[in-house]
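Please read the following note alongside the sequence and the coordinates. The points deal with confidence, charged pairs, the nonpolar core and the surface.

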Amino acid sequence: MEASPLITFRLSKKKKKGLYLAAISCGIAAPLLIWYSRMLTFGGGRAFFLLAGIVALVIAVFALLGLRFLSRENGAALYISDDGVMDISTGNSIGTVMWKDIEQIRVMDDISNLKQKYLVLKLRNPKKYIDRERNGSKRRSMELRLQYYGSPVCISTRALDCSFEELKEAIEGRYNLWKEKSQA
């Protein structure tokens, strides 16, 4: 039995530009704010400029880490294979969502932006995937998605360079192909 080719979707140019812009602007602003804070007294705004500089520095570091991670992936943000779907555009580190763990694929509106849609992958054991996420705030975000959408795995085209229909067709097509093979 021949394996189907790997389908990949790249990160949108807009998101990449945003990461570059955040890294550069915060990378420049952070040392300037910290340096300027040295000239002020604590009652005269020193703490504010110092804190703003530290926050800008943290943002620059995270933007650089994100760019480094994406460069390792050659700009790919979503992989669809014979085994399942791996979405790295959200920043979650849950790995591949296996086709065998998916009960249903639904289309739902984003509760915060009705112009945006999600492909919701309803999982047999959502807790298994939530527990894979090491970051506490991202894990909490997945728990909230489970409450609102019925699954911790919701895929949108917000950060992808494709249309929603292309994404839906690719994921549903590969899922249906897997179901046919598994029932045969």
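1. Arg140 is partly exposed, at 41% relative accessibility, a class that runs between buried, under 20% relative accessible area, and exposed, over 50% (1.4 Å probe, protein chains only). Its salt-bridge partner is Glu143, and the closest N and O atoms of the two are 3.6 Å apart; a salt bridge here is a side-chain nitrogen of Lys or Arg within 4 Å of a carboxyl oxygen of Asp or Glu. Glu143 is likewise partly exposed, with a relative accessible area of 28%. Both residues belong to helix α4 (residues 136-149), where three residues, about one turn of the helix, separate them. Helices (H or I, at least four residues) and strands (E, at least two) are DSSP runs, numbered from the N terminus.

2. On the basis of the model: it is predicted, so that local features need pLDDT of at least 70 and side-chain atom pairs count only at pLDDT 80 or more, while totals for chains, interfaces and linings use all residues. Residues are numbered from 1 along each chain as its sequence is written, and side-chain values use heavy atoms, with hydrogens and water left out.

3. On confidence: the mean pLDDT of the chain is 84, and 96% of the residues score at least 70; pLDDT is the predictor's confidence in each residue, from 0 to 100. Confidence is lowest in strand β1 (residues 7-10), with a mean of 82, and highest in β4, at 90.

4. On the charged pairs as a whole: six salt bridges are found in a search of the whole structure. Side chains of opposite charge can pair when their charged atoms come close. Two further pairs are taken up in the next points.

5. Which residue forms a salt bridge with Asp101? The partner is Lys128, with the closest N and O atoms 3.0 Å apart. This pair links distant parts of the chain, 27 residues apart: Asp101 sits in the loop between β4 (97-98) and β5 (102-109), and Lys128 in helix α3 (residues 126-132). Asp101 is buried at 11% relative accessibility, whereas Lys128 is partly exposed at 33%. Leaving aside neighbours within four places in sequence, Asp101 is also in contact (heavy atoms within 4.5 Å) with residues including Lys122, Leu123, Arg124 and Tyr129. As a distance for orientation, the C-alpha atoms of Lys128 and Tyr79 are 20 Å apart, with the two positions 49 residues apart in sequence numbering.

6. A second long-range pair joins Glu103 and Lys122, whose closest N and O atoms are 3.9 Å apart. Glu103 lies in strand β5 and Lys122 in strand β6 (residues 117-123), so this salt bridge ties together parts that are 19 residues apart in sequence. Both count as partly exposed: Glu103 has a relative accessible area of 41%, and Lys122 one of 26%.

7. On the interior: the largest nonpolar core has 28 residues, of which Leu121, Ile155, Leu167 and Ile171 touch the most other members. A nonpolar core is a set of buried Ala, Val, Leu, Ile, Met, Phe, Trp, Tyr and Cys residues joined through side-chain atoms within 4.5 Å. At least two residues of this core come from each of β2 (76-80), β5, β6, α3 and α5 (164-183); the largest share, five residues, is supplied by α5. In soluble globular proteins, nonpolar side chains tend to be buried together.

8. The surroundings of Leu167 may be inspected directly. Not counting residues up to four places away in sequence, Leu167 touches Phe9, Leu78, Leu119, Ile155, Ser156, Thr157, Leu160 and Cys162.

9. What makes up the nonpolar surface patch of about 600 Å²? Its members are Leu50, Ile54, Leu57, Val58, Val61, Phe62 and Leu65. Patches are made of residues with over 30% relative accessible area and no salt bridge, like charges being joined within 9 Å and nonpolar side chains (Val, Leu, Ile, Met, Phe, Trp, Tyr) within 5 Å; accessible areas come from the Shrake-Rupley method with a 1.4 Å probe, and for residues only the protein chains shown count as cover. Leu65 is located in helix α2 (residues 46-72) and is partly exposed, at 43% relative accessibility.

10. Is Ala63, also placed in helix α2, buried or exposed? Ala63 is buried, with a relative accessible area of 5%. Apart from neighbours within four places in sequence, Ala63 is in contact with Leu19, Ala22 and Ala23. Ala63 and Leu21 are 42 residues apart in sequence, and their C-alpha atoms are 8.9 Å apart in space.
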